[in-house]
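Welcome! Take a moment to turn the model around on your screen, then read on for a short guided tour.

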Amino acid sequence: MKSPLKKRVPRELKGEWRKYLVIFLFLTLVIGFISGMYVANKSMMKAADESVEKYVREDGYLQFSDEASDELLDELESDDITIYENFCKVVDEELEDNDDEIEIRIYKLQDKFDLPCVMKGRLPENENEIAIDRMHADNQKIKVGDTIKVGGKDFEVTGLIALPNYSTLYKSASDTMFDAITFDVGLVTDEGFERVAGKLYYRYAWFYADKPEDDIESKKKGDDFMEEVVTASYMYGNPVEEFVPAYLNQAIIFATTDMGSDMAMGGVLLDILIVVLAFIFAITINNTITKEAAVIGTLRASGYTRGELIRHYMTSPVLVTLIAALLGNLLGYTVFKKVVVMMYYTSYSLPTYETVWSSTAFINTTVIPLIIMFVINLVVITYKLRLSPLKFIRRDLKKTKRKKAMRLPRWKFLSRFRTRILLQNLPNYLVLFLGITFVMVMMSMAVGMPETLDYYQDHVTDMMFSKYQIMLKSNVDAMGNEITTDVEGAEKINMKELVRYSDIIDETVSVYGISDDSQYIKINDDFAENEIYVSSAFNGKYKVDVGDTIKLDEKYENKTYEFKVIGIYDYDGGIAIFMPNENYTKVFDMEEGFFNAYISDNKIDDIDENYIIKEITEKDIIKIADQLDHSMGDYMKYFQYLCIILSAILIYLLTKIIIEKNENAISMVKILGYNTNEISSLYILPTTIMVIISEIIAAFLGYIIINEAWKAILMKLGGWFAFYTSPIGIAKEIIFIFVSYIIVMLFDVRRIKKVPMDTALKNVE
């Protein structure tokens, strides 16, 4: 004979269909999106991993100042290492009706390595054709068949491609952020390569015969090979300018690293949300048990076991979660997977993919939520049903003796009544606070991210000591004459890059040697030889302060320098250190009067580009904000709307529980003659006060949590800028959630109005 309790489950679901429907839809959408993220991640990560062999991705590249001789290459090649020529040119890309200053790096088509994945169209076949990066083309609205100018020459775009070495468009390995808006990569034929006049970079790709198994082995092999390269390059008089193993190349590793962190973050957010919803279920069931105490006591006295009742009350939350998880996974593999894939394709140049089954998605979006929901409700329900049948029949659900109510001050009756309501519902308000905090953390990101980017863009000129910085190969030209400029205000300085090694990231640090009378960088001239100022960005990221000693290393030499910090220079444009030019030449063993860079507020355009290694402008500093804004700006707006909806749902569920718990009291107050508006003020005002208090506290907690999360993210990237949220932004977050509460409050008033007066008479204790 089947248990009659089973018939109650459909009736309970039907009786509370609004609440269960809201939870079900919300769970389905959230699980669907997280599932779609896992599926898209797994599918695209698999495609990215397969592309290493499928498209023959390089194990690293090195760049010499001049073309390497056969003897130098023979010296470097071995049974384990093969080197291929992979020269490139960097020229301007001009688009019709577009004023962006775009730089494109063009390579010759290869047939043995660095093979492109053709996303649309075909590869170039003659000197007038070019294939360009698909992501850049999407950002600049370039289509197959369009004509673009590359180095002043017209080229027809025949294909949109994804290159294995440029899954993310980093212009330089030391850049803080990729730039898919003003940086492009293209492939041309040999004739097309010769057709373009531009600066030639002598790059060489290397490949291991015995592939390293992990980053640890990659580092060991890379370090060993770098020693050989440095030694051989100086032996043959051809200094190495860049040496970048694949495991350190952000253009190769950033996309997969970022997607991996997305999965971890998505799983954590889902688990937090499930915990909040599980407590909402538990509170609901707790109130139901209180309401049905006499029935439960009768059933227990009739022979029903505690286990049977526990299973009965566990059925609804577990069943709703299970169905939502299954439907959410179905949507994840169909609708939401496409949404996430589109988001990734907006930021990364990934190859085509095939959808694969993700056991991780099933475990994290179905198994773990069910376990969390099961355990929390099991603990709460078991604790609630611990009493004897007689106590349930008597509706005496307190295990301890009843305590006297807290004595309140001699306030007006209505004030004391509201205070009593607030005290009686403290557990519910605690869950409400946790729910609002959860939403506020996400809202802090949704509001704070655009504000941070806007602040950075608006203040970028204040973060630079000059508008233009040009780094030279040497201070003399091919004839031995000093390289000079007639640009007004141009000032000679020294610049170089060192590395700060750490377990998290090997950070590139800019080193500046400054003249005593500099008009751009004003620092104290009372320095010992190894004393420096650090930039405020350096101080902010690594907490380096006055009196500390830091160690920095040469990139391609086995040299370590120790510097003592004697000051903080207000410069947020990069991780940098500053010292007088006199000290610079001593520390780095340069001749007196040596310089290798110019800085100026006016554009320096009278130096041959063949003598220039790097030019840094305002646009280079701001591109991190521009790229983040382009990749995430619109999504942050949608995220704000999602947070408002989420807060409305959580507040709706919790305020509904509070009103249901107080139905008897509401009914009694109606019998005493109070109207709906007066009763609403009694029950809604305490909730409103708690919502406002929770919002204010949660807004600051959200800012602190997101600020720490932002620091953790940037610690894994090069560069630094602080997370910024204005007081107006915090107020905006509070208003957004309060607006959702106002909407819910209208439903609460209607719910109070529907409570009948006979409820109190039916449930007399």
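## A small cavity to start with

The second largest cavity is lined by T655, I658, I659, Y683, I684, T687 and D748. A cavity here is a set of points on a 1 Å grid over the protein atoms alone where a 1.4 Å probe fits but cannot get out, and lining residues have an atom within 4 Å of a point. Rolling a probe the size of a water molecule over the atoms shows where empty space is left. The volume of this second largest cavity is about 30 Å³, a volume being the space filled by probe spheres set on the points, with grid points joined across faces, edges and corners. Helix 16 (618–661) and helix 18 (676–715) each give at least two residues to its lining.

Before going further, please note that this is a predicted model, in which local features need pLDDT of at least 70 and side-chain atom pairs count only at pLDDT 80 or more, while totals for chains, interfaces and linings use all residues. Residues are numbered from 1 along each chain as its sequence is written, and side-chain values use heavy atoms, with hydrogens and water left out.

## The larger picture

The protein's secondary structure comes to 20 helices and 20 strands. Helices (H or I, at least four residues) and strands (E, at least two) are DSSP runs, numbered from the N terminus. Along its principal axes, the C-alpha trace spans about 105 × 60 × 50 Å. Of the 765 residues in the protein, 51% are buried; buried means under 20% relative accessible area, exposed over 50%, and partly exposed in between (1.4 Å probe, protein chains only). Among contacts with a separation of 6 or more, 82% are between residues 24 or more positions apart, where contact means heavy atoms within 4.5 Å.

## Two cavities

How many cavities of 30 Å³ or more does a search of the whole structure find? The search finds 2. The largest has a volume of about 210 Å³. Of the 19 residues that line the largest cavity, N86, Y107, N165, Y166 and R203 are the closest to its centre. Strand 4 (residues 102–108) supplies the largest share of that lining, 3 residues.

The lining of the largest cavity divides into 8 nonpolar, 5 polar and 6 charged residues. For the second largest cavity, the lining has 4 nonpolar, 2 polar and 1 charged. In these counts, Ala, Val, Leu, Ile, Met, Phe, Trp, Tyr, Cys and Pro are nonpolar, Asp, Glu, Lys and Arg are charged, and the others, Gly among them, are polar.

## Following the helices

The expected span of a helix is 1.5 Å times one less than its number of residues. Here is how that works out for two helices.

| Helix | Residues | Expected span | Distance between end C-alpha atoms |
|---|---|---|---|
| Helix 2 (17–54) | 38 residues | 56 Å | 53 Å |
| Helix 13 (426–458) | 33 residues | 48 Å | 45 Å |

For helix 2, the two values agree, and for helix 13 they agree as well. Helix 13 bends by about 30° at G448, and a proline, P450, follows within four residues. The bend at a residue is the angle between axes fitted to the seven residues ending there and the seven starting there.

Now look at S51, which lies in helix 2. Why does S51 count as buried? S51 counts as buried because its relative accessibility is 8%. Leaving aside neighbours within four places in sequence, S51 is in contact with V56, R57, P164 and P351.

In helix 7 (residues 250–291) you will find L273, which is buried at 2% relative accessibility. Not counting residues up to four places away in sequence, L273 touches F26, V30, F438 and L646.

T688 sits in helix 18 and is buried, with a relative accessible area of 13%. With the same allowance for neighbours within four places, T688 is in contact with F738, Y741 and M745. T688 and M745 are 57 residues apart along the chain, and their C-alpha atoms are separated by 8.8 Å.

## Some positive phi angles

Most residues other than glycine have a negative phi. Just after helix 2, V56 takes a positive phi of about 55°. D114 has a positive phi near 50°; D114 is in the loop between strand 4 and strand 5 (117–121). K141 has a positive phi near 60° and lies in the loop between helix 4 (134–139) and strand 7 (147–150). Are these two loop residues buried or exposed? D114 counts as buried, at 7% relative accessibility, whereas K141 is exposed, with a relative accessible area of 66%.

How values were computed. 1 Å grid on protein atoms, 1.4 Å probe; cavity = no way out; pocket = protein on both sides within 12 Å on 5 of 7 lines; lining within 4 Å.
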